Amino acid sequence: MEGGASGAIGPMGPTGPTGFIGGSADFAAVLKRQDLYPAAGALHGAPAAGPARVEETQATTILAFKFAGGVLMAGDRRATAGNTVVYDRADKVLEIDRHSLMAIAGVPATAWEMARVLEHSFQFYRRTQLQEMSLDGKVRALSKLLRDNFGFVMQGVGIVVPIFATYDTAAQCARLYFYDAMGAQFEAADYAVSGSGSPAVRSILYYENTWGKRPLREIGREEAVVLALRALDTAAETDTATGGVDRRGRVYPVVKIVSGEGIATLSEEDLANTFKTEVK
(Lines give C-alpha, C1' and ligand atoms only; values in the text may rest on other atoms or scores of the structure.)
Protein backbone atom coordinates (compact mmCIF):
# COMPACT_ATOMS: atom_id res chain seq x y z
CA MET A 1 0.00 0.00 0.00
CA GLU A 2 1.37 3.38 -0.98
CA GLY A 3 2.35 5.50 2.00
CA GLY A 4 3.75 2.67 4.17
CA ALA A 5 2.32 0.16 6.58
CA SER A 6 1.12 2.87 8.93
CA GLY A 7 -1.11 4.38 6.23
CA ALA A 8 -4.88 4.01 6.17
CA ILE A 9 -7.39 4.01 3.37
CA GLY A 10 -9.56 7.10 3.66
CA PRO A 11 -12.23 8.66 1.46
CA MET A 12 -9.52 10.36 -0.65
CA GLY A 13 -7.27 7.29 -0.99
CA PRO A 14 -4.21 6.07 0.93
CA THR A 15 -2.84 8.47 3.51
CA GLY A 16 0.54 8.22 5.18
CA PRO A 17 1.74 9.28 8.62
CA THR A 18 2.21 12.87 7.44
CA GLY A 19 -1.50 13.27 6.80
CA PHE A 20 -0.91 13.88 3.07
CA ILE A 21 -2.37 11.58 0.48
CA GLY A 22 0.18 8.91 -0.34
CA GLY A 23 2.61 9.91 2.39
CA SER A 24 5.20 12.70 2.43
CA ALA A 25 5.39 14.48 -0.92
CA ASP A 26 5.03 17.85 -2.57
CA PHE A 27 1.66 19.05 -3.85
CA ALA A 28 2.37 18.15 -7.48
CA ALA A 29 3.19 14.56 -6.49
CA VAL A 30 -0.07 14.34 -4.55
CA LEU A 31 -2.02 15.47 -7.60
CA LYS A 32 -0.23 12.94 -9.80
CA ARG A 33 -1.07 10.06 -7.44
CA GLN A 34 -4.74 10.99 -7.58
CA ASP A 35 -4.70 11.32 -11.42
CA LEU A 36 -5.53 15.01 -11.09
CA TYR A 37 -2.27 16.25 -12.58
CA PRO A 38 -2.23 16.87 -16.36
CA ALA A 39 0.03 14.77 -18.53
CA ALA A 40 2.68 16.47 -20.68
CA GLY A 41 0.89 18.61 -23.21
CA ALA A 42 -2.51 18.30 -21.53
CA LEU A 43 -2.62 22.01 -20.78
CA HIS A 44 -2.22 22.69 -24.48
CA GLY A 45 -5.09 20.57 -25.73
CA ALA A 46 -3.72 17.00 -25.59
CA PRO A 47 -5.80 14.46 -23.64
CA ALA A 48 -4.89 13.99 -19.98
CA ALA A 49 -3.70 10.61 -18.69
CA GLY A 50 -6.16 10.41 -15.79
CA PRO A 51 -9.88 10.94 -15.37
CA ALA A 52 -9.50 14.61 -14.48
CA ARG A 53 -7.06 17.38 -15.18
CA VAL A 54 -6.09 20.77 -13.78
CA GLU A 55 -7.13 23.62 -16.05
CA GLU A 56 -5.13 26.81 -15.64
CA THR A 57 -6.39 30.22 -16.57
CA GLN A 58 -4.27 31.45 -19.47
CA ALA A 59 -3.96 34.73 -21.34
CA THR A 60 -3.15 35.38 -25.00
CA THR A 61 -2.36 37.17 -27.46
CA ILE A 62 0.15 40.04 -27.14
CA LEU A 63 2.20 42.07 -29.60
CA ALA A 64 4.61 44.99 -29.64
CA PHE A 65 6.44 46.83 -32.40
CA LYS A 66 8.56 49.90 -32.90
CA PHE A 67 7.09 52.82 -34.82
CA ALA A 68 8.00 56.47 -35.37
CA GLY A 69 6.67 57.51 -31.96
CA GLY A 70 8.23 54.78 -29.79
CA VAL A 71 6.97 51.26 -29.04
CA LEU A 72 3.32 50.28 -29.26
CA MET A 73 2.26 47.34 -27.09
CA ALA A 74 -1.16 45.71 -27.30
CA GLY A 75 -2.99 42.66 -25.98
CA ASP A 76 -6.41 41.14 -26.38
CA ARG A 77 -8.69 40.89 -23.35
CA ARG A 78 -9.60 37.17 -23.21
CA ALA A 79 -8.50 34.77 -20.47
CA THR A 80 -9.28 31.08 -20.92
CA ALA A 81 -9.09 27.79 -19.02
CA GLY A 82 -9.10 24.97 -21.54
CA ASN A 83 -12.13 25.59 -23.77
CA THR A 84 -13.81 27.90 -21.26
CA VAL A 85 -13.68 31.69 -21.49
CA VAL A 86 -13.00 32.76 -17.91
CA TYR A 87 -12.87 36.52 -18.44
CA ASP A 88 -13.20 38.84 -21.42
CA ARG A 89 -11.74 42.01 -19.93
CA ALA A 90 -8.31 40.95 -18.70
CA ASP A 91 -5.53 43.54 -18.75
CA LYS A 92 -2.44 41.96 -20.32
CA VAL A 93 -0.41 45.15 -20.87
CA LEU A 94 0.90 46.34 -17.51
CA GLU A 95 2.72 49.52 -16.51
CA ILE A 96 5.82 48.74 -14.43
CA ASP A 97 7.18 52.28 -14.04
CA ARG A 98 6.98 55.62 -15.84
CA HIS A 99 8.85 54.31 -18.88
CA SER A 100 8.39 50.51 -18.80
CA LEU A 101 5.66 48.18 -20.02
CA MET A 102 5.22 44.42 -19.67
CA ALA A 103 2.77 42.39 -21.75
CA ILE A 104 1.84 38.91 -20.52
CA ALA A 105 1.04 35.63 -22.26
CA GLY A 106 0.59 32.50 -20.17
CA VAL A 107 -0.80 32.17 -16.66
CA PRO A 108 -2.13 35.54 -15.42
CA ALA A 109 -1.78 34.70 -11.71
CA THR A 110 1.97 34.16 -12.09
CA ALA A 111 2.45 37.00 -14.58
CA TRP A 112 0.63 39.60 -12.49
CA GLU A 113 2.69 38.64 -9.45
CA MET A 114 5.88 39.04 -11.52
CA ALA A 115 4.67 42.49 -12.58
CA ARG A 116 4.05 43.50 -8.96
CA VAL A 117 7.51 42.31 -7.92
CA LEU A 118 9.11 44.21 -10.82
CA GLU A 119 7.19 47.38 -10.01
CA HIS A 120 8.23 47.27 -6.36
CA SER A 121 11.85 46.46 -7.28
CA PHE A 122 12.10 49.40 -9.68
CA GLN A 123 10.43 51.68 -7.15
CA PHE A 124 12.67 50.56 -4.29
CA TYR A 125 15.80 51.11 -6.40
CA ARG A 126 14.65 54.57 -7.46
CA ARG A 127 13.92 55.66 -3.88
CA THR A 128 17.07 54.22 -2.31
CA GLN A 129 19.54 55.11 -5.07
CA LEU A 130 17.84 58.37 -6.10
CA GLN A 131 18.01 57.36 -9.75
CA GLU A 132 16.32 55.06 -12.22
CA MET A 133 17.49 51.46 -12.54
CA SER A 134 19.68 50.94 -15.60
CA LEU A 135 18.29 49.41 -18.77
CA ASP A 136 20.29 46.21 -18.25
CA GLY A 137 19.10 46.00 -14.66
CA LYS A 138 15.44 46.23 -15.67
CA VAL A 139 15.76 43.64 -18.43
CA ARG A 140 17.66 41.17 -16.24
CA ALA A 141 15.28 41.62 -13.30
CA LEU A 142 12.46 40.13 -15.37
CA SER A 143 14.77 37.41 -16.67
CA LYS A 144 15.57 36.37 -13.09
CA LEU A 145 11.90 36.16 -12.16
CA LEU A 146 11.30 33.85 -15.11
CA ARG A 147 14.25 31.64 -14.15
CA ASP A 148 12.99 31.43 -10.56
CA ASN A 149 9.60 30.33 -11.90
CA PHE A 150 11.03 27.57 -14.10
CA GLY A 151 10.36 24.88 -11.50
CA PHE A 152 6.63 25.47 -11.88
CA VAL A 153 6.98 25.49 -15.66
CA MET A 154 8.59 22.03 -15.54
CA GLN A 155 5.64 20.81 -13.46
CA GLY A 156 3.27 22.01 -16.15
CA VAL A 157 1.89 25.00 -14.27
CA GLY A 158 2.67 28.71 -14.11
CA ILE A 159 4.26 29.29 -17.53
CA VAL A 160 4.71 32.94 -18.55
CA VAL A 161 6.19 34.20 -21.84
CA PRO A 162 6.22 38.02 -21.62
CA ILE A 163 7.26 41.00 -23.73
CA PHE A 164 9.02 43.96 -22.14
CA ALA A 165 9.44 47.50 -23.49
CA THR A 166 11.20 50.46 -21.90
CA TYR A 167 12.71 53.79 -22.87
CA ASP A 168 16.49 54.00 -22.95
CA THR A 169 17.36 57.47 -21.71
CA ALA A 170 21.03 57.05 -22.68
CA ALA A 171 20.32 56.17 -26.32
CA GLN A 172 17.16 58.31 -26.44
CA CYS A 173 15.04 55.55 -27.96
CA ALA A 174 12.51 52.92 -26.94
CA ARG A 175 13.78 49.33 -26.60
CA LEU A 176 11.85 46.11 -27.01
CA TYR A 177 12.63 42.65 -25.55
CA PHE A 178 11.01 39.22 -25.58
CA TYR A 179 11.73 36.17 -23.40
CA ASP A 180 11.34 32.42 -23.32
CA ALA A 181 9.90 30.50 -20.36
CA MET A 182 13.42 29.86 -18.96
CA GLY A 183 14.27 33.56 -18.78
CA ALA A 184 16.45 33.95 -21.86
CA GLN A 185 16.15 37.52 -23.12
CA PHE A 186 16.27 38.71 -26.72
CA GLU A 187 16.14 42.26 -28.05
CA ALA A 188 13.67 42.66 -30.89
CA ALA A 189 14.81 44.68 -33.89
CA ASP A 190 11.32 45.63 -35.04
CA TYR A 191 8.55 43.61 -33.37
CA ALA A 192 7.78 40.85 -30.88
CA VAL A 193 4.73 38.63 -30.35
CA SER A 194 3.68 35.93 -27.90
CA GLY A 195 0.69 33.74 -27.12
CA SER A 196 -1.46 31.24 -28.96
CA GLY A 197 -2.47 33.74 -31.64
CA SER A 198 1.11 34.84 -32.28
CA PRO A 199 1.67 32.96 -35.59
CA ALA A 200 -1.01 35.02 -37.36
CA VAL A 201 0.15 38.28 -35.76
CA ARG A 202 3.80 37.59 -36.58
CA SER A 203 2.93 36.97 -40.23
CA ILE A 204 1.00 40.25 -40.44
CA LEU A 205 3.79 42.28 -38.85
CA TYR A 206 6.41 40.65 -41.07
CA TYR A 207 4.38 41.40 -44.18
CA GLU A 208 3.78 45.03 -43.21
CA ASN A 209 7.41 45.58 -42.22
CA THR A 210 8.80 43.95 -45.38
CA TRP A 211 6.30 44.70 -48.15
CA GLY A 212 4.10 47.42 -46.71
CA LYS A 213 4.15 51.01 -47.93
CA ARG A 214 6.69 51.85 -45.21
CA PRO A 215 8.66 49.90 -42.60
CA LEU A 216 7.06 49.73 -39.17
CA ARG A 217 9.64 52.14 -37.73
CA GLU A 218 8.39 54.87 -40.10
CA ILE A 219 4.64 54.68 -39.61
CA GLY A 220 2.77 57.18 -37.45
CA ARG A 221 0.72 56.66 -34.32
CA GLU A 222 -2.66 56.36 -36.06
CA GLU A 223 -1.34 53.77 -38.53
CA ALA A 224 0.29 51.83 -35.70
CA VAL A 225 -2.96 51.62 -33.71
CA VAL A 226 -4.91 50.49 -36.80
CA LEU A 227 -2.32 47.79 -37.51
CA ALA A 228 -2.47 46.49 -33.92
CA LEU A 229 -6.28 46.29 -33.98
CA ARG A 230 -6.30 44.52 -37.34
CA ALA A 231 -3.62 42.04 -36.26
CA LEU A 232 -5.41 41.03 -33.04
CA ASP A 233 -8.78 40.82 -34.79
CA THR A 234 -7.25 38.58 -37.46
CA ALA A 235 -5.68 36.29 -34.84
CA ALA A 236 -9.09 35.91 -33.15
CA GLU A 237 -10.57 34.50 -36.38
CA THR A 238 -8.57 31.27 -36.09
CA ASP A 239 -7.58 31.17 -32.41
CA THR A 240 -10.43 30.75 -29.93
CA ALA A 241 -8.20 31.78 -27.01
CA THR A 242 -7.73 35.25 -28.53
CA GLY A 243 -10.50 37.78 -27.93
CA GLY A 244 -9.71 40.25 -30.70
CA VAL A 245 -12.40 42.96 -30.90
CA ASP A 246 -15.79 42.12 -29.41
CA ARG A 247 -18.11 44.15 -31.64
CA ARG A 248 -21.29 43.28 -29.76
CA GLY A 249 -19.84 43.77 -26.28
CA ARG A 250 -17.70 46.73 -27.40
CA VAL A 251 -14.59 45.25 -25.81
CA TYR A 252 -11.35 46.46 -27.38
CA PRO A 253 -7.73 45.42 -26.87
CA VAL A 254 -5.51 47.24 -24.39
CA VAL A 255 -3.13 49.49 -26.33
CA LYS A 256 -0.29 51.45 -24.71
CA ILE A 257 2.64 53.41 -26.12
CA VAL A 258 6.01 53.98 -24.44
CA SER A 259 8.20 56.89 -25.55
CA GLY A 260 10.50 59.54 -24.14
CA GLU A 261 7.43 61.35 -22.80
CA GLY A 262 6.39 58.34 -20.76
CA ILE A 263 3.48 55.93 -21.20
CA ALA A 264 0.29 56.79 -23.06
CA THR A 265 -2.81 54.60 -22.76
CA LEU A 266 -5.39 54.77 -25.53
CA SER A 267 -8.91 55.12 -24.19
CA GLU A 268 -11.68 52.74 -25.21
CA GLU A 269 -13.46 55.68 -26.85
CA ASP A 270 -10.43 56.44 -29.05
CA LEU A 271 -10.04 52.76 -29.95
CA ALA A 272 -13.74 52.47 -30.78
CA ASN A 273 -13.60 55.50 -33.08
CA THR A 274 -10.45 54.22 -34.79
CA PHE A 275 -11.95 50.77 -35.24
CA LYS A 276 -15.20 52.10 -36.71
CA THR A 277 -13.54 54.48 -39.15
CA GLU A 278 -10.39 52.58 -40.15
CA VAL A 279 -10.84 48.87 -39.44
CA LYS A 280 -14.47 47.75 -39.55
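**Figure 1. Ring pairs join Tyr206, Tyr207 and Trp211 into a cluster.** Welcome to the first close-up of this predicted model. By the ring-centre rule, there are four aromatic pairs in the count. In one of them, the ring centres of Tyr206 and Trp211 lie 5.6 Å apart with the planes at 85°, so this pair is edge-to-face. The rings of Tyr207 and Trp211 have their centres 6.0 Å apart, and their planes meet at 55°, so here the pair is tilted. Tyr207 and Trp211 are both part of helix 5 (residues 198-211), where four residues, or about one turn of the helix, separate them. How exposed are the members of this cluster? Trp211 counts as exposed, at 55% relative accessibility. Tyr206 is partly exposed at 42%, and Tyr207 is also partly exposed, with a relative accessible area of 46%.

**Figure 2. Helix 2 has a buried side and a face turned away from it.** Helix 2 runs over residues 108-129, which makes 22 residues. From its first C-alpha to its last it reaches 31 Å, close to the 32 Å expected at 1.5 Å a residue. Which residues of helix 2 are buried? They are Pro108, Thr110, Ala111, Met114, Ala115, Leu118 and Phe122. These residues cover an arc of only 160° around the axis, which puts them on the same side of helix 2. Look to the face turned away from that buried side, and you will find the exposed residues Ala109, Phe124 and Arg127.

**Figure 3. The charged end of Lys138 sits over the ring of Phe122.** Here we stay with a residue from the previous view, since Phe122 is among the buried residues of helix 2. The charged end of Lys138 is 5.7 Å from the centre of the Phe122 ring.

**Figure 4. Leu130 takes a positive phi just after helix 2.** What is the phi of Leu130? The angle is positive, about 60°, although Leu130 is not a glycine. This residue is found in the loop between helix 2 and helix 3 (135-148). Leu130 is exposed, with a relative accessible area of 75%.

**Figure 5. Buried residues of helix 6 pack against strands and helices.** The 18 residues of helix 6 (residues 221-238) should span 26 Å at 1.5 Å a residue, and the end C-alpha atoms are 27 Å apart, which agrees. The buried residues of this helix are Ala224, Val225, Val226, Leu227, Ala228, Leu229, Ala231, Leu232, Asp233 and Ala235. What do the buried residues of helix 6 pack against? Their partners are strand 4 (62-67), strand 5 (70-75), helix 5 and helix 7 (268-279). If helix 5 sounds familiar, it is the helix that holds Tyr207 and Trp211.

**Figure 6. Arg250 has a positive phi in a loop that follows helix 6.** This last view turns to the loop between helix 6 and strand 14 (254-259), where Arg250 lies. Arg250 has a positive phi of about 55° although it is not a glycine. Is Arg250 buried or exposed? At 60% relative accessibility, Arg250 counts as exposed.

Terms used: Residues are numbered from 1 along each chain as its sequence is written. This is a predicted model: local features need pLDDT of at least 70, side-chain atom pairs count only at pLDDT 80 or more; totals for chains, interfaces and linings use all residues. Side-chain values use heavy atoms; hydrogens and water are left out. Helices (H or I, at least four residues) and strands (E, at least two) are DSSP runs, numbered from the N terminus. The expected span of a helix is 1.5 Å times one less than its number of residues. Buried means under 20% relative accessible area, exposed over 50%, partly exposed in between (1.4 Å probe, protein chains only). The arc is that of the directions from the helix axis to the C-beta atoms. Rings of Phe, Tyr and Trp (its six-membered ring) pair if their centres lie within 6.5 Å; planes under 30 degrees apart count as stacked, over 60 as edge-to-face and the rest as tilted. A charge sits over a ring if NZ of Lys or CZ of Arg is within 6 Å of the ring centre and within 35 degrees of the ring normal. Contact means heavy atoms within 4.5 Å.
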